[in-house]
Amino acid sequence: MTGPELVVHRDKELMARATSARLITAIVDAQAARGTASVVLTGGRNGNGLLAALASAPARDAVDWSRLDLWWGDERFLPEGDPDRNDTQARAALLDGVPLDPARVHTMPVLDGRHGKDVDAAADAYAAELAAAAGPDDEGPVPAFDVLMLGVGPDTHVASLFPELPAVRETERTVVGVHGAPKPPPTRISLTLPAIRAAREVWLLAAGEDKAQAVAVALSGAGEMQAPAAGAYGTSRTLWLLDEAAAARLPAAQERPSVS
Ligand SMILES: O=C1O[C@H](COP(=O)(O)O)[C@@H](O)[C@H](O)[C@H]1O
């Protein structure tokens, strides 16, 4: 377990641009060290803002997109192409504009696809895909992702792990079907905390004053059942990337100077 490091940016636009630069560097470094890189994408406003910033960053050409594996931390269980799916939004923001290898874009299953309406079977299938990608050096049935990103919801949810729902209590499975999520749509697929914790680096993204309370709670010793974001950390690094509005309610001891 790694303790959280905080970086506070002036506003959400700057946060998105700085984080896209950080992600480019992380991918290039991983590709230089291991030949390939693996990144877990998040949905939501901050995740899509970051992808849009990356799309317009000149340094994006430093990435070898054909040697990048993309996974998702969670997905809204909706039909393929639905505008509310996280993968649809990620394609529009970035993925359709870069030369990825389609075989390395590991989207989560769709409603009415191979598993019909059975979200639990769909989650099991994604777990099997992750297990097949795990190598002998990886601990357990998930790859050691280079960077796993999580948008933090105003209720402290990350991925589709909502406070007090069974998914956040999962200790064995790496992917679960989520039923009755308080944020629409109610049926989702999510990585679990054990899968998230297999990542080398976990980056938690939060911008805007509606995230300030969640950030303060998660970073003030709350339990992961009440505040799932508190249970998300990486094996090498746990980085909270915030804007000033989201950092506004942190205790003074945790505040960091803004970067411009
Ligand atoms: O529904 C979801 O919400 C969270 C947070 O989204 P935000 O718009 O409040 O930033 C997101 O991280 C997750 O992937 C998504 O499915």
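User: Which elements each supply at least two residues of the lining of the largest pocket?
Analyst: Keep in mind that this is a predicted model. The pocket in question holds about 540 Å³ of space. Two strands and a helix each put at least two residues into its lining: β2 (37-41), β3 (68-72) and α6 (193-196).

User: And which residues are closest to the centre of that largest pocket?
Analyst: There are 27 residues lining the largest pocket, and by class they split into 11 nonpolar, seven polar and nine charged. Closest to the centre you'll find Asp138, Val142, Pro143, Ala144 and Arg200.

User: OK, on to the second largest pocket: which element gives the largest share of its lining?
Analyst: This pocket has a volume of about 210 Å³, and its 18 lining residues include Gly43, Gly44, Gly151, His157 and Lys183, the closest to its centre. Two elements, α2 (44-55) and β4 (74-76), each supply at least two lining residues. The largest share is four residues, and it comes from α2.

User: How many polar residues are in the lining of the second largest pocket?
Analyst: Sorted by class, that lining has three nonpolar and six charged residues. Gly counts as polar here. The polar count comes to nine.

User: What about cavities: how many nonpolar residues are in the lining of the largest cavity?
Analyst: The whole structure has one cavity of 30 Å³ or more, with about 50 Å³ of space in it. Among the residues lining the cavity are Leu23, Ile27, Val39 and Trp65, and α1 (12-34), β2, α2 and β3 each give two or more. The lining has no polar and no charged residues, and its nonpolar count is 11.

Technical notes: Residues are numbered from 1 along each chain as its sequence is written. This is a predicted model: local features need pLDDT of at least 70, side-chain atom pairs count only at pLDDT 80 or more; totals for chains, interfaces and linings use all residues. Side-chain values use heavy atoms; hydrogens and water are left out. On a 1 Å grid over the protein atoms alone, a cavity is a set of points where a 1.4 Å probe fits but cannot get out, and a pocket is an open set with protein on both sides within 12 Å along at least five of seven lines; lining residues have an atom within 4 Å of a point. Grid points are joined across faces, edges and corners, and a volume is the space filled by probe spheres set on the points.
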